Amino acid sequence: MNKLLMVKYASEIFLKGLNKNKFEKILKNNIKAALKGIEFDFVFDSGRWFIKTEDLEEAVERVKNVFGVAEVCIVTEIENDFEVIKSLALLEVNESAKSTFKIETNRANKTFPINSMDVNREVGAYVLNNNKDVTVDVHNPGCLVNIEIRNKTYVYGKRIRGVNGMPYKTNGQTLLMLSGGIDSPVAGYMMARRGVEVSGVYFHSAPYTSERAKDKVKDLAKILTKYIGRMTLYVVPFTDIQMQIIEKCREDELTIIMRRFMMSIACRIADDKGMHSVATGESIGQVASQTMQGLVVSNDCADRPVFRPLISMDKIDIMDISRKIGTYETSILPYEDCCTIFVPKHPKTKPILEQIRKAESVLDKEKLINDAVENTEVIEIVND
């Protein structure tokens, strides 16, 4: 009798047809990477994945955060002995301390002499005969006992939800415009959850933004590595660009011109590093630069797809996700980034593309972008 960790992966992977094996292989490798430092063995039984380790609780915490994992369960592995199966089911019900229960059986091994419905009935009757304080509730049971009959039998009660999604690094690459705010880390998480490999770019305006602001962004990237393992963060010096815009452009156009520079630089870095897209935490209408007209004007500088996974979400929804993934408390630390300093009193909310192009023509845009890219700091952030 052994305790194992059973891993159920996302249903989407089953739909990949002839490509399913490729997704399974990547997911398996991602799980192995998440378990680095723990001694473990992968065990397979009739299509189910199991992990054998002495550090079960730690393994649960790590594996449930691997994208593509739908559910993890600590199971008891036994031989296909019906009397032992009944005893274990009773133990699960007793330990749950719930007043209602249900037995649910998956008989993948068709050589087992009792079919699934009969297993449910006989095991349920055994539990009722040996615990007079419980009743059966097939619709909303307090304790659901699962019995999986394969080459061996696995009995479990507690099911722990994983993050689901697609295996990381199965859907291309993106460069996330990562600020110190609430939104962009959530956007990065959501892109990674769809299997997109995420790197980050942060625009730093020293001395107007402090080292603590930079450290805050590094901390946010660190939190994201809990789900993706590692992240490359590109820290772009942005002070000269902002000073030039402030000196030579209208105050109400400062924000949108700044966003256009950011988009141009992000695309330049993405191109240099072979990344397919850029991602942002923008949500339509949330701030002045995120109106429909503002997004059109900033998109004009992009030479590749710009993904905005939060585009239709309101702030409350975004905050809920940030709390769930662990970035919220860091995001609200009071260290300003380059987007929150030098904010005009009345920023233009409906910029016209031709007017903005004309306004920024007084700047040596190519030189400013080249200088910023050439002096970009590269930081590798790894989950410990």
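This passage describes one enclosed cavity and one open pocket in a predicted model.

The search for enclosed space gave one cavity of 30 Å³ or more. The largest cavity holds about 30 Å³ of space. Readers who wish to find it in the structure above can start from its lining, which is made up of Asp252, Thr255, Ile256, Ala288, Ser289, Pro347 and Lys348. Sorted by class, this lining has three nonpolar residues, together with two polar and two charged ones.

Attention now turns to the open space. The second largest pocket contains about 610 Å³. Its lining comprises 21 residues, and those closest to the pocket centre are Ala33, Ala34, Ile228, Gly229 and Asn383. Three helices each give two or more residues to this lining, namely α2 (20-34), α3 (56-63) and α7 (211-228). Of the elements involved, α7 supplies the largest share, with four residues. In terms of class, eight nonpolar and eight charged residues line the second largest pocket, along with five polar ones.

The position of this pocket relative to the domains can also be stated. Residues from domain 1 (1-159) and from domain 2 (171-380) both take part in the lining of the second largest pocket, so the pocket lies between the two domains. For a view of this region in the structure, Ala33, Ala34, Ile228, Gly229 and Asn383 are handy landmarks, being the lining residues closest to the centre of the second largest pocket.

Conventions. Residues numbered from 1 in each chain as written. Predicted model: local features only at pLDDT ≥ 70, side-chain atom pairs only at ≥ 80, totals over all residues. Heavy atoms only, no water. 1 Å grid on protein atoms, 1.4 Å probe; cavity = no way out; pocket = protein on both sides within 12 Å on 5 of 7 lines; lining within 4 Å. Points joined across faces, edges and corners; volume = space filled by probe spheres on them. Nonpolar A, V, L, I, M, F, W, Y, C, P; charged D, E, K, R; others polar. Domains from an automatic or database assignment.
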